[in-house]
Each structure stands twice: as C-alpha cells, then as structure tokens.
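Please look through the structure shown below, and follow how its helices and strands are placed against one another before turning to some details of the backbone.

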Amino acid sequence: MKHTTIDFAEIGRLPHPNDNVAIATRTLDAGLAVRFNDCVFTLGDVVLQGHRFAVQTIHTGENLLSWGQPFGRASAEIAPGDYVRNEGVLKELRRRQLSFTLPDAPNFVDEIAPFVFDEAAFQPAPPLERYAGIKTFMGYRRSPERGVGTRNTLVLLGTSSLTGGFVRTLETKLKPLAEQYPNIDAIVAVAHTEGSLAQPNNRELLLRTLAGFMVNPNVGAVLAVDYGSEAVNNAALSEYLTRNNYPIAEIPHHFMSLSRSFQADLDAASVVVTGWLDVVNSISRTEESICELRIGLQCGGSDAFSGISGNPLLGWVTAEILRYGGSANLAETDELIGAEAYMLSGMRDLATARQFLAAIQRFQEWAGWHGHSAEGNPSGGNKYRGLYNIYLKSLGAAMKRDPAVRVAQVIEYSERMREAGLVFMDSPGNDLESIAGQIAAGCNLIFFVTGNGSITNFPYVPTLKIVTTTERYNLLMNEMDVNAGAYLDGVPMAEVGGQALQLTIDIASGQLSAGERAGHAQVQIWRDWLLTAPADLRIYEPVSYSGEPLAIDTRIAVPDVHISAYHSGKRLAVDQVGLVLPTSLCSGQIAQMCARRLNERSAYAKNGLSRFVALAHTEGCGSATGSELNDTLLGYLRHPSVKYCMLLEHGCEKTHNGYIRQLILEASLDPRDYGWASVQLDGGIDAVIQKMENWFEDRWSADSAPKLVDADLSIARLGLVTQGEVPDQAAEQFALLTRMIAAAGGMVVMPRHDTLLQRAAFTDALAASGELNPTLGYAQFTTTPGFHIMATPARHWGETLTGLGAVGVDLFLAYVQDRPMPGHPLIPLLQVTSNRQAQAAYAADLDGFLAEPSERWAGNLLGLVVETLSRSYAPRLSASGNTQFQITRGLLGISM
C-alpha cells in the first residue's frame with residue numbers, strides 16, 4: 001500500500017527542540033512517510049496516539065530525549081521513523097486486544113544517569129512579578145488563620161476506618177437537609193481506610209491529616225466519630241489539635257464516641273449536626289480577592305499529552321493566580337523523579353532546593369526498604385497512553401510548574417500552608433492520597449489534569465478537571481470541566497488559560513464542578529506501611545500454602561439440619577447476588593452508584609437475585625503490592641453467592657480490564673462468563689451505568705429462576721472471627737461448632753491473627769493433631785472442606801473480613817466482647833457475645849447472647865447459622881450500611 005508523504009506538524013509533537021523522539025498526535029500506520037525538516041523517513045510499525053517515534057538516528061547506548069531530558073538508553077540502533085518502546089510498554093500492550101502486530105523486542109531500556117546536584121552552579125529563581133490590581137470571587141470568610149472557603153460544608157468525619165460505615169450512613173440520613181439551607185453547600189461523610197485497633201506507623205501523618213481536614217476553610221462544622229478504643233482516636237486527635245495550635249475553637253465541632261446501639265448513636269449524632277444548621281447557614285458568601293485561593297495541583301490518569309497541553313495549562317492558570325497573591329500546592333514526590341533538573345531551575349534558594357531533593361531521596365529510600373522503586377508508579381493506563389516509564393511521567397508532571405514560577409517552600413505531607421506562592425508537599429503519587437494531604441494543608445480548590453479521563457473527586461473541596469485532548473473531552477464531556485486539547489488544536493494558550501481562569505473563579509464562587517454535579521467522591525489518606533528502616537526482605541518473601549485442611553477431631557455427632565439452597569448450574573449456593581466489581585479504587589464510587597440504581601428495580605427478584613452489591617476498595621492503582629489484590633478479585637469472581645458479575649474498570653489503572661482478563665485466563669476461568677465495562681472508554685458515568693444495567697437485565701431476563709433444594713450442613717462455609725478477649729466457655733463452644741461443621745463436610749476458616757487461636761480452651765477442644773499454622777494465603781479461594789486458617793498480613797478488621805470473603809465463605813460468625821463491629825457488604829455477619837455489659841448496651845444490634853448453661857451454646861449457634869444460611873434470619877446490622885471492604889497491601893505494599 002502506497003502512503004502519501006505527510007508533514008511532521010500534522011502528526012507529531014516535539015516537547016523540546018533538542019528532542020530526538022517525537023509524540024504521535026494520532027495513531028499512525030506502519031509505512032507512513034513523514035517529512036521532518038529536510039528529510040523524509042518511513043514508520044516501521046504502527047505508532048499509537050501518544051507513543052513515540054524517532055526523528056533522529058539514535059545509536060546503541062545513547063540517550064532518548066523528551067523535554068530535552070533523558071528518559072532511557074537505546075539498547076539497539078534506532079533509525080528515524082522507528083517506534084521506540086521498552087519492555088514495560090510492550091508487556092502492557094500485549095494485555096490489550098489490539099488489531100495490529102507489535103514488535104518482538106524493545107529498543108530502549110529504562111536507564112538514565114543518576115541526577116547529580118551541582119550546588120556551586122545553583123542559581124535562585126527570581127520571584128514572580130505581582131499584579132497591581134485584584135480579581136475577586138465570592139467565598140466564605142473564616143479567620144485569618146483559616147482563610148476563605150470556596151464551600152460551606154458540614155463534615156461527618158470518621159476518625160478511624162472502623163467508623164467509616166457509621167458516617168456514611170449518617171450522611172445518607174442527613175444529606176437532604178442541606179437543600180433547605182441556601183448557605184450550606186452539603187453535608188458529607190469523610191470515611192477513609194486508616195486507623196484501626198493496632199498502632200500504625202503512619203500515626204503522626206494520620207493525626208496531622210485529620211486535624212487539617214477539620215480546620216480546612218471549606219468546613220463550616222465538623223463531627224468527629226470514633227469508638228474510643230482505636231490506636232488513633234478522638235482523644236489523640238483532640239490533643240494533637242490543641243498541642244499544635246490548630247484553630248479548632250473557631251469551628252462548631254464535636255467529638256463523639258459510639259457507645260449505644262447503631263440507631264441510637266445515629267439519632268444522637270443527628271441531634272448534634274442538626275443543631276448546627278442555623279449557625280452554619282448564617283455565614284454567607286462575600287467578595288474576596290483570589291489571593292485567598294489555595295490550589296492543589298494534581299494529575300492522574302496521565303497520558304503523553306499531559307505534559308504538552310494539560311499540565312502547561314494548569315501551570316499557566318496557577319501562575320496567574322499567584323500573580324494576584326494566591327497559593328498553590330504541588331505534590332506527588334515519586335512523580336518528579338527524573339525531572340529534578342527542571343524542578344531545580346525554579347527554586348527560591350539553595351535551602352529549598354536541598355529540601356526538595358531530600359524529599360525525593362527519602363521517598364526512594366522508603367520505597368527501597370519495601371523492595372520497590374519509583375518505576376512501579378506508572379499504571380497500565382499511563383503506559384497504554386504513551387508514558388512508558390517514571391521518567392517520562394515525571395517530565396510531563398513537572399510541567400505543572402510554569403517556568404516563570406518558583407517553588408517557595410517545601411512542606412511535609414498534610415502540613416499546613418502558611419505563606420503565599422508555590423509550595424511543594426511531600427506525598428505519594430497516588431492521586432487520592434496526595435489530594436487528601438493537600439486538603440489537610442489548606443487547599444480550597446483542586447486542579448486535576450487527566451489524559452485518560454480520571455473522574456475522582458473530594459467530598460468538600462471542588463475539583464476542576466482538565467483533560468488533555470479534544471478527543472477525550474468529547475468522549476467524557478459530562479465529567480470534565482476544561483478541554484486543554486483546544487491548545488493542541490491551535491487555540492492560543494492565553495485564550496484557553498483565560499477561559500479556565502474565569503471558570504476557576506466561577507467554581508470557587510459556588511458554580512458546581514463537573515464532579516460535584518456527578519455526585520460522587522472518595523477519600524484516601526496515605527496508607528500505613530510496614531517498615532521504618534532497612535530490613536532483610538527475604539523474611540517477607542511470599543509463602544505458598546497447601547490448601548489442605550488442618551487435621552482436627554471430627555468424631556462428633558452431626559445434627560440433622562436442613563438448609564434451603566439454590567441449585568444454580570453445577571453448584572449449590574445460599575444466595576444469588578449481582579456483583580459489580582470495580583477493578584481499582586477509581587471506579588468504586590461508580591460501581592456503588594450502579595448497584596444502588598439496580599437495587600431500585602424489582603424485576604431482578606423474579607429470577608432469584610436477592611440484591612446487587614458493589615465492592616468498592618482502595619487498590620489497583622497508586623500502589624505497589626503483592627499478589628493479595630489479584631487473589632482477592634479472583635476470589636470474589638468465583639464466590640458461590642455471586643450469580644452475575646460485571647467488572648468495571650476506570651480505564652487508566654494498573655488492574656484494568658485487560659489485566660483482569662489475563663488473570664481470569666490464567667485461573668482457567670472463562671472471560672465470557674463476566675460483563676466488562678469501562679468508565680472512560682464507555683463514555684463516562686451515565687453511559688457506563690446504562691451499559692451495566694443493560695447487561696444485568698439481559699442476563700436475568702434470559703435466565704430461569706434457580707431451583708431451591710434441601711441441603712445439609714456440608715454446604716456451610718463459615719468464617720469464624722473474634723473481637724476482644726473470648727471467655728473459655730465461649731472458646732470451647734466455638735471449637736465444638738467448628739468440629740460439627742467440619743465433620744459434616746462443611747468448611748470453617750479463621751484468620752491467623754485471631755486471639756481465639758491462642759486460647760487453650762479452643763485449641764484443646766479442637767483436638768488438632770498438629771500445629772495450627774495457615775493452610776491458605778490471604779484471599780486464597782478454596783472449595784476444600786474442613787478447618788482452615790488464612791494467613792493475615794495485618795491485624796485489621798476490614799482487611800480480615802475481605803480476605804475471608806475471597807476465600808469463599810458464605811457467612812461470618814463473630815464473638816464480640818466489647819461491641820458490634822462493622823460488617824461486610826456482600827456476606828452476612830452474625831455477632832454474639834456472653835458479655836452482659838455489651839448485651840445491655842448493644843442488644844438491638846447483637847444477634848445472640850450466650851447465656852448459661854454454656855453447654856448449649858454450640859447447638860444454639862449452629863441453629864443461628866442454619867437460619868441465616870437459609871435466609872430465614874437476617875443479621876440485625878445487615879441493613880445498616882455499617883460495612884467495611886478493604887483489601888490488604890500485604891507485608892510490603894506501599895503507596896506510589
């Protein structure tokens with residue numbers, strides 16, 4: 001096929017005149033002849049939009065340059081027109097369903113010379129020239145120490161991860177009240193993953209972030225909720241606020257510890273919050289200078305054009321705000337590794353430069369302690385859209401700093417911003433975790449540049465989305481605020497920037513952003529980590545587990561019980577659920593929106609479906625983890641209670657649909673058994689939810705109702721967990737129950753860290769013939785009956801339930817000594833106690849009180865288990881919304 005020669009300007013971009021590779025502005029066919037300067041070359045392979053091709057000869061061993069900086073070293077001779085690729089991008093493209101043949105081998109490697117800072121040659125950058133005039137927006141004036149809010153919000157803060165379900169339920173109850181008060185923008189929950197019963201390594205960081213959340217200028221009043229027993233609780237938070245002189249006294253606030261039934265605590269919390277409504281509503285917007293804007297600068301779901309259109313546009317608008325005296329916060333430490341030279345060309349002084357480099361070095365060391373490097377940062381979506389490695393990603397991300405703007409200060413994660421100008425905040429590249437730090441630092445608006453079309457938002461600080469190309473803007477128009485692709489299309493930067501600046505002022509003044517109109521938000525704080533110093537990582541290497549049950553004494557009478565079960569295909573199941581499974585953190589909220597909409601329909605129940613569930617989680621992007629995430633997702637895909645399952649990707653994550661499809665094939669499953677949807681590629685929130693609804697409707701309409709059959713105890717798959725100290729009588733009776741189920745051919749699984757395994761009353765009654773060591777890895781799915789112990793990397797209630805659910809249990813039975821615990825969104829949780837004080841306080845929430853004589857407890861518990869498996873009894877807290885679903889990062893997982 002003969003190709004017409006085409007001018008380079010029509011199909012490529014050079015970020016810098018000295019670059020030896022160019023970026024394809026559209027997908028280019030192999031064989032295309034390109035005129036570049038005075039020469040013509042032919043493309044040897046298909047080059048996807050955003051990917052790079054050589055415009056000069058690059059000899060083996062020479063650097064490949066973009067933005068004038070090296071991002072790799074040629075491992076073969078590269079001629080003009082050659083598609084440049086490393087092993088990472090080829091591996092990623094092989095996961096995708098492409099219509100063309102990929103090259104067999106890479107032609108460059110991710111090697112560049114380590115950056116060396118020449119302090120003697122350092123030159124401080126001059127300050128930005130300030131404008132004499134002012135621009136204004138309409139904001140909520142707080143004290144000088146807090147600044148001016150762009151929103152006036154009542155915040156329901158879960159101090160620990162254990163109270164996240166409570167504040168989410170409280171939000172559902174109270175959220176409609178905000179519509180009655182013109183000066184209250186919203187009532188929102190802030191639920192996160194951090195803080196449980198064990199002491200975390202991120203304690204100081206967590207307290208600093210929670211304190212910053214409370215005094216952010218967008219907060220009109222705040223209720224902080226804990227249990228009181230957590231390692232990081234309200235007492236610690238209150239002390240931290242006082243000791244560090246946070247202006248908390250200026251804000252209507254209340255610290256509440258849950259101590260009654262779930263409903264009674266909801267009612268009490270509602271009284272507190274509704275008592276603030278008139279006070280918060282009494283504050284109205286006033287005209288304020290845009291010097292009061294504190295902008296968090298973010299990019300996520302980045303592509304090759306982020307550094308060409310989106311981030312330069314963000315930098316241009318930010319520079320304008322700084323010229324009027326405003327502030328901005330640049331973060332994501334690991335996404336500036338490789339861009340040190342550019343960043344150091346814009347530093348206030350040598351001390352600031354040293355602090356910046358120290359943050360980079362500290363992050364690299366911390367990652368290294370856990371066996372990771374910054375190269376683990378780029379996601380599958382980054383690579384698919386042309387960011388081959390961390391160096392290219394960082395060079396583009398650094399363009400958020402306009403060349404005329406200098407970094408005035410370096411601060412810690414979530415440290416409060418105290419002066420105008422551009423500050424750099426140490427943080428991971430994980431978008432949500434980085435944004436949380438910026439909110440705690442005092443940002444009242446977020447600029448978020450995205451190439452793929454990231455849709456994440458924070459609950460009470462508006463996010464202005466800037467997308468890099470017109471093509472992606474048109475696909476996701478309802479989710480994006482600004483089309484930076486107009487600059488690529490030829491519109492002058494000053495014109496695009498001027499429009500974006502005016503939109504910034506409008507949104508700061510109360511106009512809803514696209515994300516606010518969509519009505520979804522997420523919070524994630526920099527997650528905890530294992531190591532605080534170098535260690536021998538060999539002791540943390542993955543362990544394989546046999547999957548064979550432990551030998552316990554099954555010489556016990558098995559009661560004749562009858563469990564009503566569904567006969568669906570080749571298996572028996574005690575429930576029939578439609579599951580929306582997000583492949584990563586960024587699609588979790590959309591999965592929940594879809595499940596809620598499906599649950600509002602009644603037609604599905606005709607074919608035996610009980611409900612729809614979305615398992616929103618925090619993993620799949622912005623982290624480096626072990627196999628636990630993969631095992632967890634696969635476990636829920638195979639869960640016996642899941643009748644239909646739809647996989648929902650965001651589109652730019654590490655664990656995208658192509659990645660999951662490969663896992664499914666490796667597990668000998670059939671991808672055709674599942675539905676597949678993409679928030680980005682299917683056209684945004686409304687379009688993808690409609691697609692998912694249609695898929696589920698097609699499935700349940702085509703299926704006949706499953707047959708109900710009478711099953712025995714062999715169908716039982718029980719997860720056994722405890723909270724607090726377990727009395728000997730209860731421990732013994734739990735062991736007898738375990739033996740009954742195992743003897744009947746059922747399955748009982750316990751977490752390795754459970755204190756029950758340390759009680760002689762339990763282990764003696766089991767009469768195990770060997771050591772009680774784990775038989776299953778975390779989330780290792782099994783159908784093998786008997787008694788199992790699951791390995792648990794951390795002592796975290798939510799992570800434990802999540803892993804046990806992925807193993808395949810249909811029901812949790814928990815002994816709780818002090819209080820009821822959060823449940824699981826898919827699998828019912830029965831909670832019992834023998835503690836009279838707990839029974840008196842939480843009788844409305846507990847499913848059983850173990851009263852004397854203790855010899856009957858095992859039989860009584862079995863009856864409760866059978867009733868629940870037969871769906872004739874529902875645990876009392878099952879409909880409360882007080883649930884947790886959190887996937888572990890394993891022993892060495894970290895945020896990236």
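**Helices, a sheet and some backbone details**

In this predicted model, helices α3 and α12 cross in a left-handed manner. The contact is made by R208, T209, G212 and F213 on the side of α3, and by A436, I439 and A440 on the side of α12. When the residues of this contact are sorted by character, four are nonpolar, two are polar and one is charged.

Two packed helices are described by the angle between their axes and the distance between the axes. For α3 (residues 203–215) and α12, the angle is about 55 degrees and the axes lie 7 Å apart. Because of this angle, α3 counts as oblique to α12.

Helix α12 also leads us to a sheet. This sheet is open and consists of seven strands in the order β19-β20-β18-β17-β21-β22-β23, with parallel pairing. Which strands stand at the edges? They are β19 and β23 (482–483), and each has a single partner strand, so one side of each is left without a neighbour in the sheet.

Strands of a sheet pair through backbone hydrogen bonds, either parallel or antiparallel. One pair to follow in detail is β17 (residues 294–299) and β18 (residues 327–330), which run parallel and are joined by four bridges. Within this pair, I295 has A328 of β18 as its bridge partner. Helix α12, which spans residues 431–441, packs on the sheet and touches β17, β18, β19, β20 and β21, and its direction makes about 170 degrees with that of β17. Helix α7 (residues 306–323) lies across β17, β18, β20, β21 (445–450), β22 (463–467) and β23, and runs at about 160 degrees to β21.

The loops hold further details of the backbone. S414 is found in the loop between β19 (407–411) and β20 (421–425), and although S414 is not a glycine, its phi is positive, at about 65 degrees. Is S414 buried or exposed? With a relative accessible area of 0%, S414 is buried.

R871, a residue other than glycine, also has a positive phi, near 70 degrees, and R871 is found in the loop between α25 and β38 (894–895). In contrast to the buried S414, R871 counts as partly exposed, at 31% relative accessibility.

Where does P853 lie? P853 is found in the loop between β37 (848–849) and α25 (857–869), and the peptide bond that joins E852 and P853 is cis, with an omega of about 5 degrees.

Terms used
Residues numbered from 1 in each chain as written. Predicted model: local features only at pLDDT ≥ 70, side-chain atom pairs only at ≥ 80, totals over all residues. Heavy atoms only, no water. Helix = DSSP H or I, 4+ residues; strand = E, 2+ residues; numbered from the N terminus. Buried < 20%, exposed > 50% of the residue type's maximum accessible area, 1.4 Å probe, protein only. Pairing = 2+ DSSP bridges. Contact = heavy atoms within 4.5 Å. Axes fitted to C-alpha atoms, helices over the stretch in contact; angles between N-to-C directions. Parallel < 35°, antiparallel > 145°, perpendicular 65-115°, else oblique. Left-handed = near helix turned anticlockwise from the far one by under 90°. Nonpolar A, V, L, I, M, F, W, Y, C, P; charged D, E, K, R; others polar.
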